[in-house]
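User: I am new to reading protein models and would like to go through one slowly, feature by feature. Could you give me the general idea each time, and then the case in front of us?

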Amino acid sequence: MAWIALILLAVGAFGAIWRFGRLDAAELQIVGAALLLGMAGYAWQGRPGLAGSPKTAAEQRELPESDFARMRQGMAGRFDTADRWLTIAESYQRRGDTRAAAGLIRSALRAHPDNAILWLGYGNALVMHAAGLVTPAAELAFGRAAVLAPDHPAPRFFYGLSLAQSGRLDEAERVWRELAESAPPDARWRSGVERQLELIDQARPARSSAQLQ
C-alpha cells in the first residue's frame with residue numbers, strides 16, 4: 001500500500017507540473033529525475049512495516065504547577081507586564097521545557113530590566129532548570145529583585161522558597177524569620193510567611209531521620 005501511494009503521488013505531481021508548470025522538456029527531465037531519486041531513496045531506507053509509537057497519556061501529561069506560580073500572584077500581584085510574561089513561561093515549565101521558560105523571561109528582561117517581579121521569575125526559572133539547585137546565576141537574579149524592590153516582601157519570600165526547596169532549610173528559615181519580623185501587624189502576606197516557617201519545622205524531623213538511615 002505504501003508503494004501504491006508513493007507511485008500515485010509521483011504521477012500526480014508530475015501531471016500537475018506538466019499541466020500547470022509550463023516547463024520545457026529539459027526541465028521536465030530534471031524534475032522527473034528528482035522524483036525518481038526520491039523513490040529510490042525510499043526503496044533503500046523506507047520501512048513502512050515498522051509499528052508506530054504514539055505517546056501515552058502519561059507521557060503527554062503536564063507537570064503540576066510550581067509553588068512559585070501558585071503563590072506569586074497573591075504575593076506580587078497580577079495583570080501587569082511581569083504577570084503576562086511569567087504566565088507564558090510557566091506554560092513551558094509545565095511541559096518540562098525549563099530552558100525555554102528561562103530564555104523567555106531573559107528576553108522579557110531585556111525590554112524591562114528594572115522589573116523586580118521578572119527578576120524573581122527568572123531566578124525561579126533558573127532553579128527549576130537546575131533541578132531545584134539555587135545556582136549562582138539564580139542567586140544574582142534574586143539579589144537583583146531585592147535591590148529593585150527593597151521594601152517589597154516578594155523578593156525575600158521567593159528567595160526563601162527556593163532555598164527551602166533546594167534543602168537549605170536553615171537559610172530559608174533565617175530569610176523568612178527576618179521577613180516576618182519586619183512585617184506590619186496587618187500585612188496580608190504575613191500569614192503566608194508564618195505558614196512556610198511551620199512547614200520548615202515539620203520538615204526537619206523527616207530530614208534528620210533520612211540522614212540517620
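Analyst: Let us begin with the surface: accessible areas come from the Shrake-Rupley method, which uses a 1.4 Å probe. In this structure, which is a predicted model, the accessible surface of the chain comes to about 13,600 Å², and carbon and sulfur atoms account for 59% of that surface.

User: What share of the residues in the chain is buried?

Analyst: A residue counts as buried when its relative accessible area is under 20%. Of the 213 residues in this chain, 33% are buried.

User: How many helices and how many strands does the chain have?

Analyst: There are 11 helices and zero strands, and the pattern along the sequence accordingly reads α-α-α-α-α-α-α-α-α-α-α. As for how distant parts of the sequence meet, 52% of the contacts between residues at least 6 apart in sequence join residues at least 24 apart.

User: Which residues have the most contacts inside the largest nonpolar core?

Analyst: The general idea is that in soluble globular proteins nonpolar side chains tend to be buried together. Here the largest nonpolar core has 44 residues, and those with the most contacts inside it are I105, L120, Y122, F157, F158 and W176. At least two residues of this core come from each of α4, α5, α6, α7, α8, α9, α10 and α11, while the largest share, nine residues, is supplied by α7. To follow one core residue outward, take L120: beyond four places in sequence, L120 touches F68, F142, A145, A154, P155 and F158.

User: Is E173 buried or exposed?

Analyst: E173 lies in helix α10, which spans residues 169-182. Because its relative accessibility is 15%, E173 counts as buried. Setting aside residues up to four places away in sequence, E173 touches L197, I200, D201 and R204; these partners can be looked up in α11, which covers residues 190-212.

User: And L133, is that residue buried or exposed?

Analyst: L133 sits in the loop between α7 and α8, and since its relative accessibility is 52%, L133 counts as exposed, the cut-off for that word being over 50%. Apart from neighbours within four places in sequence, L133 is in contact with L126 and V127.

User: How far apart are L133 and R168 in sequence and in space?

Analyst: These are two separate readings, one along the chain and one through space. L133 and R168 are 35 residues apart in sequence, and their C-alpha atoms lie 9.8 Å apart in space.

Technical notes:
Residues are numbered from 1 along each chain as its sequence is written. This is a predicted model: local features need pLDDT of at least 70, side-chain atom pairs count only at pLDDT 80 or more; totals for chains, interfaces and linings use all residues. Side-chain values use heavy atoms; hydrogens and water are left out. Helices (H or I, at least four residues) and strands (E, at least two) are DSSP runs, numbered from the N terminus. Buried means under 20% relative accessible area, exposed over 50%, partly exposed in between (1.4 Å probe, protein chains only). Contact means heavy atoms within 4.5 Å. A nonpolar core is a set of buried Ala, Val, Leu, Ile, Met, Phe, Trp, Tyr and Cys residues joined through side-chain atoms within 4.5 Å.
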